[in-house]
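Colleague: I'd like to learn how to read a model like this one feature at a time. Could you walk me through it?

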Amino acid sequence: MSWVHLITPIVAQGFRAAALPAPDGCKVTNAQIRPGPASIESAVDEVLAAPGVIDAAIMAEADGAQAIVIDCMLDPGLDAAREAISIPVIGCGEEAMRAAGAPFAVVTVLQRQERAFGDLARKYGFADLMTGTIGIGVPVLALETDRANAVAATIKGSEKAVSGGAEVIIFGCTGMLGFADEVSAALDAIKVIDPLPNAIAAAHIAAQSGKKTDKMVYPAPDAKSVVGFSEWSALDALMRGRSDG
């Protein structure tokens with residue numbers, strides 16, 4: 001039995017109340033960060049979330065988790081978490097783009113994220129496959145509270161993406177969990193990537209294989225003192241321990 005731990009990098013309570021998808025032979029657990037932002041829709045939100053992601057990843061590894069999934073398509077704190085721990089850390093955004101295999105569009109919550117997804121596609125080496133980013137005009141926290149409107153808006157945005165040349169739709173928010181069947185059916189069974197189950201499946205495979213983070217690529221942080229991080233006790237201890245050691 002592999003153990004995949006999901007880090008939801010927001011503080012809005014009840015956001016992950018429903019059962020999480022879990023492959024056969026995989027235990028999936030989940031924790032939200034605290035402190036942090038209510039949702040992630042900007043670069044500022046990403047920065048505010050990153051310390052909590054790193055802190056939660058350190059604690060999960062210490063508890064025995066075998067792989068981590070960052071439950072956000074913008075992958076906040078992904079590289080930093082990989083530096084902080086040795087077990088695999090899967091970013092939903094990176095893994096979804098890797099899974100596309102054909103021209104894809106990101107259908108996300110707000111159009112303001114267009115730059116962020118373009119940056120990620122270039123960073124991960126998939127810019128040539130990306131046809132664009134379509135915002136549906138529904139904030140993250142409304143995806144669950146007004147699901148019917150959110151699904152309808154996602155279908156409309158996906159239709160626009162297909163007309164723009166996309167052969168694959170990637171949901172640009174993990175809050176769209178469970179929308180894929182309805183969107184795919186409305187678009188004549190076009191391939192739709194629901195990023196959270198996709199990332200969990202990749203993490204399960206990594207955990208089963210005993211894979212570890214390549215520390216030549218993601219070396220542990222250098223020793224230095226930090227100030228003001230007592231709210232993130234595991235991260236604070238990591239830095240102080242290296243500085244003191």
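Colleague: Let's start at the end of α8. Which residue follows that helix, and what is its phi?

Modeller: That's G210, and its phi is positive, near 75°. Keep in mind that this is a predicted model.

Colleague: And how many residues does α8 itself have?

Modeller: It has 15, running from 195 to 209. To judge a helix like this, set its end-to-end reach beside the expected one: α8 reaches 21 Å from first C-alpha to last, close to the 21 Å expected at 1.5 Å a residue.

Colleague: Which residues of α8 are buried?

Modeller: P195, L196, A199, I200, A202, A203, H204, A206 and A207.

Colleague: Is there a general way to think about burial along a helix?

Modeller: An α-helix has 3.6 residues a turn, so residues three or four places apart point the same way. Now try α6, residues 147-163, where A150, V151, A153, T154, I155, G157, S158 and A161 are buried.

Colleague: What do those buried residues of α6 pack against?

Modeller: Strands β5, β6 and β7, plus the helices α5 and α7. As for its reach, α6 has 17 residues and spans 24 Å, close to the 24 Å expected. Just after α6 comes G165, with a positive phi of about 110°.

Colleague: How do I read a helix pair, say α3 and α4? At what angle do their axes cross?

Modeller: Look at axis distance and angle together. The axes of α3 (92-100) and α4 (114-124) come within 10 Å and cross at roughly 65°. Angles of 65 to 115 count as roughly perpendicular, so α3 is roughly perpendicular to α4. The contact is made by G93, E94 and M97 of α3 with F117, L120, A121 and Y124 of α4. The crossing is right-handed.

Colleague: What else does M97 touch, leaving aside neighbours within four places in sequence?

Modeller: Its contacts also include F104, V106, F126 and I170. M97 is among the residues with the most contacts inside the largest nonpolar core, along with V69, F104, L143 and I170. That core has 86 residues, and its largest share, seven residues, comes from helix α1.

Colleague: Last one: is S39 buried or exposed?

Modeller: Check the relative accessibility against the cut-off: buried means under 20%, so S39, at 12%, counts as buried. S39 is found in the loop between β2 and α1, where S39 touches I10, D45, V140 and L141, not counting residues up to four places away in sequence.

Methods
Residues numbered from 1 in each chain as written. Predicted model: local features only at pLDDT ≥ 70, side-chain atom pairs only at ≥ 80, totals over all residues. Heavy atoms only, no water. Core = buried A, V, L, I, M, F, W, Y, C linked by side-chain atoms within 4.5 Å. Buried < 20%, exposed > 50% of the residue type's maximum accessible area, 1.4 Å probe, protein only. Helix = DSSP H or I, 4+ residues; strand = E, 2+ residues; numbered from the N terminus. Contact = heavy atoms within 4.5 Å. Expected span 1.5 Å × (residues − 1). Axes fitted to C-alpha atoms, helices over the stretch in contact; angles between N-to-C directions. Parallel < 35°, antiparallel > 145°, perpendicular 65-115°, else oblique. Left-handed = near helix turned anticlockwise from the far one by under 90°.
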